[in-house]
Amino acid sequence: MTRFYWLIAFLSITAVNAGPPLNDECATAITLPYPGTTAFTTFNATNSVAYGCTMSRDIWYVLPGVPALSTVTISMCAAQGGTANFDTKLGLYRSCSTLSSSLGCNDDSCGQRSSITYTQTVTSDLYVQLGGYSNSAGGNGILGVSYQVPPSLTVLTPNQYDILYRGSQYYITWTSSLDSTALLTIQLYKSNVLQTTITNAAPNVGSYLWNLNSSYPFDYYSSYYSFSLRLFVTSNSSQAAVAPFKSFSIIRPTLSLSLGYSSGVYKSVPVTLTWSYTGSDSSTISIGLFLTYSSALILMLAPSVNVKDGATGFQVTIPDSSNITTYSYYQFKACFINDPGQCATAGNIYLQPAPIPGTPYALRVSQVTSSTALLFWTAPSSSTSFPITEYFLSLNGAGGDFIPANPTSFLLMGLLSSTTYNVTVQAGNSYRLSPQSSGLIFTTLEGMSPPGSPTGLSCDNIGTRSLVLSWTAPNQNGGAAVSGYQVTATPVSGGPGLSPPTVGTLLLLVSPLMPGTAYSLQVAAQNSVGLSLGSAPLVCTTVASIPDPPTGLRILTLSAIDVMLIWDAPVIDGGFEVSNYRLRFRADSDSNFDFVLTQSVSTNYQLYGLEPSTQYFVTVSAQNSVGFSVESPFVIFTTARPFVPVSSSSSSSSSSSSSSSTGSSSITSTSSTGQSAQTDNQDHASSISAGQVVGAMFGAALVSGILIAAAFIIYIKWDTLRMKAMGLVNQTPAYAKVGINAPQLELSEDEPGIVNA
């Protein structure tokens, strides 16, 4: 016991006499790993000079190179893995030369233990002072340091030496570790001097569309590269990202405009402009008409044109408007819309009136009948630049027809007998018509002719497959009573039309028509001479309807568990394309029908998951955007019986049983022992077989049942795979279909609409 006391005394004296720790002063601070924990003791530490955070028996640590924007927590609290057995105090400093001002000082944060959390503003070392409160004798503990990585914010574009053009749009892009809900401020610098704030509310989504309009400064030469961008979190400008060495240029776009030719410019005649440019391909320009040597806009010809269109030529047309005077000099001017000070001009053009062709002359008529006349005329002279493309004929000053330029003749038809006509002709080029020619007067011959055309066509009572067409009798009957009317109905989209028999009334029920179809309807009048020209066509559209029912529902393949059904599409789709088919089916033992939508326009479908040896009823209907058609006639089919293989165990069991019996019989007949022995043996054998036979029979039945069930499952799987391998994609398990309480149908073999398959 005496020796033990001497040992304690020796250790105590040793502890008391030990010198101060190595990190007793700031200059000898020990590196503190972060994040991590470090054990410490302040026994034998001396008191430092009264710095920004005063404490007793203090020791020193340093956190080297803590990055800007990162957050560190130095703590003796449990959250950072720290602890201490005395009343502690912590101080934090930028360097040993700035100890008079601490970055943080804490006494009690968790009980009597200390903790400091600090966010760096610049990258630097951080010095930690750890000691006791007041005149603490010191103690032991663990100092924990946690570290949060600073957020990253890096500008990607514009990139180094990019050239940006005013009047265009560009995407500013960046990468960031900040939360996506943060809002960013984007600033433009020129030669490191702030020029403007582009936005202070850009969502942190990695890109911002920058409209670089004419309000922004620019470089006079593209090689200056004096601009850069600075991005930072709007609520904290210290969380910034400047793109070092990613200087770029902003310059003004240029434009050079020219005419496609140097000849005169005419009203109503397109003029081709071409231009070259420097700038973004996404820029737009406006093109206007100005008086030469004047800044006054006369007419905006094209308010917005993509700048790329000038490479192949862009056409503008000066309208034939009275406020634009001819025989004056004009110029075209094009300007960038987003930088309107950047313009180009072309011209001094001499504007001339729209070219007017000469007037046809020398009208003459021949082969005049009671209803026709052949008209001739002589073509006027015309410019090769603006050739005559058509003629316009007018009878008695009312309306007329445009006809091709060649030949210079036309057969007038449908004229009335004994009637005087005054015909004129005008020549036309692509832009203007000439004045009317002198009128030519002639009179048709006496006699009868076909009647005039009916007028005033109208459609009423329009249905899905019919409509009522009415009209007004012609003004002229051609000298003979109108005996009837011929109606034609032709689908606008093409295809065979309908021509009902001639009728003697002024209306007709036109039928049968296709649902949802536009028809061009015309009526011609008939007298004893012949048919008139057809009336002006009238277009009427029948009402769309449900499609006709599918036809030819039949069985393609049938097994114990599935059936492949095929059918023919409806002949008439109701005016809208068939988009779907619906199958309704039920087993003979079910009272309700199930249904399935094929979700396809294919005319085949596989139902599987059916019950073997079961009779089913099935029908199909088609669907368009109006609704479902009437159902097809029912088809009745019965699934096949399942395949049941013969059990080898059953055969083996039977053979064993036969062998046992034979053996038993054979043993009994060859025994040479006494009668009592035979009797005892036979009684014993009888008692054994009575119990074992029952067990053997039960075991054989169980094994056979298992083998039969396994064989049936294998057959079902094999048959399902076989059907899928046929390439039939429309497959839906019957048990997955939605059951509906369809009206119960009394189905019998003699019921109309039921077909046995």
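Here are four short exercises with worked solutions on a predicted model.

**Exercise 1: a small sheet**

Work out the strand order of the open sheet of three strands, and find which strands stand at its edges.

*Solution.*
- Start with the order: the sheet reads E20-E22-E25, and the pairing is antiparallel.
- Now look at the ends. E20 (254–259) and E25 (314–316) each have a single partner strand, so one side of each has no neighbour in the sheet. Those two are the edge strands.
- Next, the twist: neighbouring strands here are turned by 35° against each other on average, ignoring direction.
- Finally, zoom in on one pairing. E20 and E22 (residues 271–278) run antiparallel and are joined by six bridges. In that pairing, Thr254 sits opposite Thr278 of E22.

**Exercise 2: the largest nonpolar core**

Find which residues of the largest nonpolar core touch the most other members, then see which elements supply it.

*Solution.*
- The core has 25 residues, and the ones touching the most other members are Leu188, Trp210 and Ile250.
- Then ask where the core's residues come from. Elements giving two or more residues are E11 (153–157), E12 (163–165), E13 (168–176), E14 (183–190), E15 (193–203), E16 (207–212), E17 (227–233) and E19 (249–251).
- E17 makes the largest contribution, with four residues.
- Take Trp210 as a test case. Leaving out residues up to four places away in sequence, its contacts include Leu164, Tyr170, Ile172, Ile198 and Phe248. Leu188 and Ile250 are also on the contact list of Trp210, as are Ser168 and Gln169.
- Don't stop at one core: there's a second, separate one of 24 residues, with Val265, Tyr330, Phe332 and Ile349 among them.

**Exercise 3: two disulfides that span the chain**

For Cys26–Cys96 and Cys53–Cys105, get the handedness of each link and say where the partners lie.

*Solution.*
- Begin with Cys26 and Cys96, whose sulfur atoms are 1.9 Å apart. The angle about the S-S bond is -90°, and the link is left-handed.
- Place the partners. Cys26 is in the loop between H1 (2–17) and E1 (30–31), while Cys96 is in the loop between E6 (88–93) and E7 (104–106). That's 70 residues apart, so this pair links distant parts of the chain.
- Check accessibility against the 20% cut-off for buried. Cys26 counts as buried because its relative accessibility is 6%, whereas Cys96, with 31%, is partly exposed.
- Move to Cys53 and Cys105, again with 1.9 Å between the sulfur atoms. Here the angle is 60° and the link is right-handed.
- Cys53 lies in the loop between E2 (36–41) and E3 (56–66) and Cys105 in E7, so the disulfide ties together parts 52 residues apart in sequence.
- As for exposure, Cys53 is buried at 1%, and Cys105 is partly exposed at 40%.

**Exercise 4: one more link and the whole pattern**

Describe the link of Cys335 and Cys343, then write down the pairing of the bonded cysteines in sequence order.

*Solution.*
- The sulfur atoms of Cys335 and Cys343 are 2.0 Å apart, and the 110° angle about the S-S bond goes with a right-handed link.
- Cys335 has 13% relative accessibility, so Cys335 counts as buried. Cys343 comes out at 32%, which puts Cys343 in the partly exposed class.
- Step back and count: the structure holds five disulfides.
- Number the bonded cysteines in sequence order, and the pairing reads 1-4, 2-5, 3-6, 7-8, 9-10.

Terms used. Residues are numbered from 1 along each chain as its sequence is written. This is a predicted model: local features need pLDDT of at least 70, side-chain atom pairs count only at pLDDT 80 or more; totals for chains, interfaces and linings use all residues. Side-chain values use heavy atoms; hydrogens and water are left out. Two strands pair if DSSP finds at least two bridges between them. Axes are lines fitted to C-alpha atoms, for helices over the stretch in contact, and angles run from 0 to 180 degrees between N-to-C directions. A nonpolar core is a set of buried Ala, Val, Leu, Ile, Met, Phe, Trp, Tyr and Cys residues joined through side-chain atoms within 4.5 Å. Buried means under 20% relative accessible area, exposed over 50%, partly exposed in between (1.4 Å probe, protein chains only). Contact means heavy atoms within 4.5 Å. A disulfide is a pair of cysteine sulfur atoms within 2.5 Å.
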